Amino acid sequence: MDHDLEIFPLLSYALHHSDPASHAPPSLSVQHSLANRYPLLTNPHVISTLIESIPSTITQTLHVFASLGPRPDPSSVSSARAKIAQIRETDPSSLSPEDAAKEEQIYVTVVKLEEVHEGYEKQLRGLEEKLSEVYASAVESLDGGDEVNEEVLEILDGGGVERIDLSDRRLKLLPEALGNNVSLVSLNLSRNDLKDELKHDEILLNFLQLLPDTISGLEKLEELDVSSNLLESLPDSFGLLLNLRVLNVSGNKLTYLPESITQCRSLVELDASFNNLASLPANIGYGLLNLERLSIHLNKLRFFPNSICEMRSLRYLDAHMNEIHGLPIAIGRLTSLEVLNLSSNFSDLTELPDTISDLANLKELDVSNNQIRVLPDSFFRLEKLEKLNLDQNPLEFPPQEMVNQGAEGVREYMRKRWEEMVEEEQLRSVIEAEKQQGGVTGWLSWGSSIVSNLLSGGTQSGGANKPKEDSYMDQLL
């Protein structure tokens, strides 16, 4: 059961610290992710507050669900639902009500078990979100040091410095002296405790407005990191950062990105993960034509804007743990894409468009933990695909034994399936052509067969008549 909690990292971490004997620690990769998103997680006050926030019933709930065993395979659940529908549509005369009820109950049990697991997952998701809010409140209650200590002021007094790192300093506010550093190329404000009478997001906004000639004073800025704060929005003036190449706004509370971000045409890398984004700017693909890496995982995105298909330079796209319902039809235009992660969109992602096969340079594809039943027929065209993860999907084509053989096995299976489909279509075309010609082709074939038999002596007549027939055939010839 602890393994299942990996997708709820904060809960897994808190449970382990509350009772190490009963709950294993999260994996190293999960711990690393937690350290980036929750930098003060090891603070005694913070972790104790998290542990106190865990409801007493959670342990009982975990025990109950552990006794249920593993979650049913998606394909089994799908088959069970189909069987139930089939039984209910069966003619009552062919099966007695008692027998039908008994047979149906077998499949109902599978479906109900899936529904119980789904309810469990929903409950844990809600608890994970609550713990995230508790963490933010606990951090806010910590006592900070001086508002701006002398070390920070010394850094800012450098004047013409190009790189400033003010991360992990628990700053309660941003000093106005930052506005004197118009030569900034890199600015790191991540993992701070920005507190003031203003909202946290207003602090950043006001800071930007305090700079000479507003944000245009940062015209040389290429890297900006404001991750792991409590920002709820970004100022529209972001569009003036024309030389910005790397932007990290992950680990905040952003519900949207300003449309003006599309004017940052020099952006090569954008990390907006670990937020509450419900959508992306409609024109993001038309503006960010040079973007190579886009990380938008752990948000609440349902759809991609169609313009994302114009990002011809995009090589890396991570959108796992969202609510993605599907990909744009023109997704195949992203011909530079090498890595695509659409995993853990759970019941929302049910299919992939045929155009995904146009991603000629795709090397890694992860669509695990979704509801995909069939891969596109042209999937075999992904010749450069090296890593493929199809786990936890109710796949019908390809079958599981092919999936176990990895990307090459799946590709070969889909290629053979395609060839069979082409052959069937060609055969249907020939038959249809004969029908349209009113059987002429059939008569010609029959006539050719008769002539061939006659020429080869294949008639069934007796030997006494054969010379006469040969003479007649000679005359015909």
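Okay, let's start with one residue, His297: at 11% relative accessibility, it counts as buried, because the cut-off for buried is anything under 20%. One thing to keep in mind throughout is that this is a predicted model.

So where does His297 sit? His297 is in the loop that runs between β6 (293-295) and β7 (316-318). And which residues does His297 touch, if we skip those up to four places away in sequence? The list is Ser273, Phe274, Asp318, Ala319, His320 and Asn322.

Let's zoom out to the whole chain. We have 477 residues in the protein chain, and buried ones like His297 make up 42% of them. The chain has 13 helices and 10 strands. Its accessible surface comes to about 25300 Å², and carbon and sulfur atoms account for 50% of that. If you take the contacts with a separation of 6 or more, 47% of them are between residues 24 or more positions apart.

Now the strands. As a reminder, strands of a sheet pair through backbone hydrogen bonds, and the pairing can be parallel or antiparallel. Which one do we have here, parallel or antiparallel? It's parallel: 10 strands form an open sheet, and the order is simply β1-β2-β3-β4-β5-β6-β7-β8-β9-β10. At the edges you'll find β1 (163-165) and β10 (387-389), each with a single partner strand, so one side of each has no neighbour in the sheet. On average, neighbouring strands of this sheet are turned by 5 degrees against each other, ignoring direction.

Have a look at the β1 end. Three bridges join β1 to β2, residues 186-188, and the two run parallel. Within that pairing, Asp165 stands opposite Asn188 in β2.

Next up, salt bridges. How many does the structure hold? There are 11. I'll walk you through a few.

One of them is between Arg381 and Asp358, with the closest N and O atoms 2.7 Å apart. Arg381 is in the loop between β9 (364-366) and β10, while Asp358 is in the loop between β8 (339-341) and β9, so this pair ties together parts that are 23 residues apart in sequence. Are these two buried or partly exposed? Arg381 is partly exposed, with a relative accessible area of 42%, and Asp358 counts as partly exposed too, at 29%.

Then there's Arg417 with Asp377, whose side chains meet in a salt bridge at 2.8 Å, N to O. Arg417 belongs to helix α11 (residues 406-436) and Asp377 to the loop between β9 and β10, so here the parts being tied together are 40 residues apart in sequence. Asp377 counts as partly exposed, at 26% relative accessibility.

Stay in helix α11 for another pair, Arg411 and Glu408, where the salt bridge is 2.5 Å, N to O. They're three residues apart in the helix, which means about one helical turn separates them. Arg411 is buried, with a relative accessible area of 5%, whereas Glu408 counts as partly exposed at 45%.

Salt bridges can also link up: Glu310, Arg312 and Arg333 are joined in a network of them.

Last stop, an annotation. The UniProt record, an unreviewed entry, marks residues 110-137 as "coiled-coil region". What does the model show there? The span is 100% helix and 0% strand, and its end C-alpha atoms lie 41 Å apart.

Methods:
Residues are numbered from 1 along each chain as its sequence is written. This is a predicted model: local features need pLDDT of at least 70, side-chain atom pairs count only at pLDDT 80 or more; totals for chains, interfaces and linings use all residues. Side-chain values use heavy atoms; hydrogens and water are left out. UniProt positions are given in the numbering used here, feature names are shortened, and annotations may be inferred rather than shown by experiment. Helices (H or I, at least four residues) and strands (E, at least two) are DSSP runs, numbered from the N terminus. Buried means under 20% relative accessible area, exposed over 50%, partly exposed in between (1.4 Å probe, protein chains only). Contact means heavy atoms within 4.5 Å. Two strands pair if DSSP finds at least two bridges between them. Axes are lines fitted to C-alpha atoms, for helices over the stretch in contact, and angles run from 0 to 180 degrees between N-to-C directions. A salt bridge is a side-chain nitrogen of Lys or Arg within 4 Å of a carboxyl oxygen of Asp or Glu. Accessible areas come from the Shrake-Rupley method with a 1.4 Å probe; for residues, only the protein chains shown count as cover.
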